[in-house]
Amino acid sequence: MTSALLEDLKWRGLIYQQTDEEGLETLLNKEQVSLYCGADPTADSLHIGHLLPMLTLRRFQEYGHRPIVLIGGGTGMVGDPSGKSEERVLQTEEQVEKNVQGISKQMHKLFEFGTDQGAILVNNKDWLEQISLISFLRDYGKHVGINYLLGKDSIQTRLENGISFTEFTYTILQAIDFGHLNKEHNCKLQIGGSDQWGNITSGIELMRRMYGDRESYGLTIPLVVKADGKKFGKSEGGSVWLDADKTSPYEFYQFWINTKDDDVIKFLKYFTFLSKEEIDKLQQSLEEAPHLREAQKALAENVTEFIHGKAALEDAQRISAALFSGDLKALSAQELKEGFKDVPQVELSHATTNIVEAIVESGISSSKRQAREDVTNGAIYINGERQQDVNYELTTEDKIDNAFAIIRRGKKKYFMVNFK
């Protein structure tokens, strides 16, 4: 009988490679399985490019298995060569520890801890730093062939530009992790992104050589690629972070709701826990009434609530609705800063308060003549309200929360204007 979990993963398109499909299927049908996925602390927050493997790990928990979440406080000191064309810049031990703490907090939002199937949070620094150089060479290095490592894609792709011995050993360190978790927590499965295949199979091979035929499996998840071939996980402002201080819930919500029609069903399967029936209905809506954007709304709502909570989702929706309707005075200055993070910000000179002079100095209109035409033609809005009086003077009452005014020309050209 096929495992219901594996059927769901296949339907969602989440399985890229497996070391032993039949063996894993038998195991999942037989017992509760402990499995792990790791993340190195390269920053103090994960971004959405890291999200898919962790959500896949959470899916195992939903089906009654026990996830082990590994934060690479040890491997993060070395640097994974996978997916990189050049050496990483080494971080200080203090920075790595700060990053470990930040990511650990985020994991408590993604997983349930403290129950029979509760996730276990581990840091590989706890065991890797106990290994001396002599022990590393004798107990582990002796079991790993250089030719074997050279055959790994993560290392092979770096040979032309060069790879340090430090990063060359990364695969061995991650292999040690799998063996440690197998012995200490009966962990039988490692999952990760497709770029981790070499590291995963190295762990299985090292276990076989050191401990004999201990039951162990590997599964990788495909790289997330958008339909247009562009890299997933970036917005105009850069990476989309899980940390609300780096990417506000509003910006996070907007990233997902702006998903293209060609990608949205795939992303619903990847990033939400909606059932096949629910996603099939959204696909039907997309085909029959794409203008309603019900699939995009469901995607944005589900992922935002899962990462940031219901209250943050409601705030993001309220900000979105106010910006769409033009009712800017309903929002606080902080909310407007989130909504207009990427618009030009202008500081007017002390004497400039006339609307015509203000929009010329701000660069909203190209000349006084053009500015007068824009005002009289109804193209200028102050905080969402049309202003057609060329003699209008900006006052402190036009400032939102006594901070700034939002001036708009036409439908889409916004400026955040500061004045005294």
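This section describes the overall fold, the central sheet, the nonpolar cores and one helix of a predicted model.

The protein chain comprises 19 helices and 13 strands, and its C-alpha trace extends over about 85 × 50 × 40 Å along the principal axes. Of its 420 residues, 50% count as buried. Among contacts in the protein chain with a separation of 6 or more, 72% are accounted for by residues 24 or more positions apart.

Six of the strands are arranged as an open sheet with mixed pairing, in the order β1-β6-β5-β2-β3-β4. Its edges are formed by β1 (17–18) and β4 (120–123), each of which pairs on one side only. Within this sheet, strand β2 (residues 34–39) and strand β3 (residues 66–71) run parallel and are joined by 6 bridges; Ser34 has Arg66 of β3 as its bridge partner, while Cys37 is partnered in β3 by Val69. Strand β3 is mostly covered, with 5 of its 6 residues buried. In general, the strands of a sheet pair through backbone hydrogen bonds, in either a parallel or an antiparallel manner.

Two helices that pack on the sheet can be described by the strands they meet. Helix α3 (residues 51–62) lies across β2, β3, β5 (187–193) and β6 (217–221), and runs at about 165° to β2. Helix α11 (residues 197–211) also packs on the sheet, where it touches β1, β5 and β6, and its direction makes about 175° with that of β6.

The largest nonpolar core contains 75 residues, and those with the most contacts inside it are Leu51, Trp256, Leu268 and Phe271. When residues up to four places away in sequence are not counted, Leu51 touches Leu110, Leu242, Trp256, Phe271, Val303 and Ile307. A second, separate core of 26 residues includes Tyr36, Ile172, Leu173 and Ile200. In soluble globular proteins, nonpolar side chains tend to be buried together.

Helix α14 (residues 276–288) was examined in further detail. This helix of 13 residues reaches 18 Å from its first C-alpha to its last, close to the 18 Å expected at 1.5 Å a residue. Its buried residues are Ile279, Leu282, Ser285 and Leu286; seen down the axis of α14, these residues fall within an arc of 115°, and they therefore line one face of the helix. On the other side of α14, Glu277, Lys281, Glu287 and Glu288 are exposed. The buried residues of the helix pack against α1 (4–11), α13 (261–271) and α15 (294–308).

Among the buried residues of α14 is the polar position Ser285, whose relative accessible area of 11% lies under the 20% limit, so that Ser285 is classed as buried. Leaving aside neighbours within four places in sequence, Ser285 is in contact with Pro290 and Glu294.

How values were computed. Residues numbered from 1 in each chain as written. Predicted model: local features only at pLDDT ≥ 70, side-chain atom pairs only at ≥ 80, totals over all residues. Heavy atoms only, no water. Helix = DSSP H or I, 4+ residues; strand = E, 2+ residues; numbered from the N terminus. Expected span 1.5 Å × (residues − 1). Buried < 20%, exposed > 50% of the residue type's maximum accessible area, 1.4 Å probe, protein only. Arc of directions from axis to C-beta. Contact = heavy atoms within 4.5 Å. Pairing = 2+ DSSP bridges. Axes fitted to C-alpha atoms, helices over the stretch in contact; angles between N-to-C directions. Core = buried A, V, L, I, M, F, W, Y, C linked by side-chain atoms within 4.5 Å.
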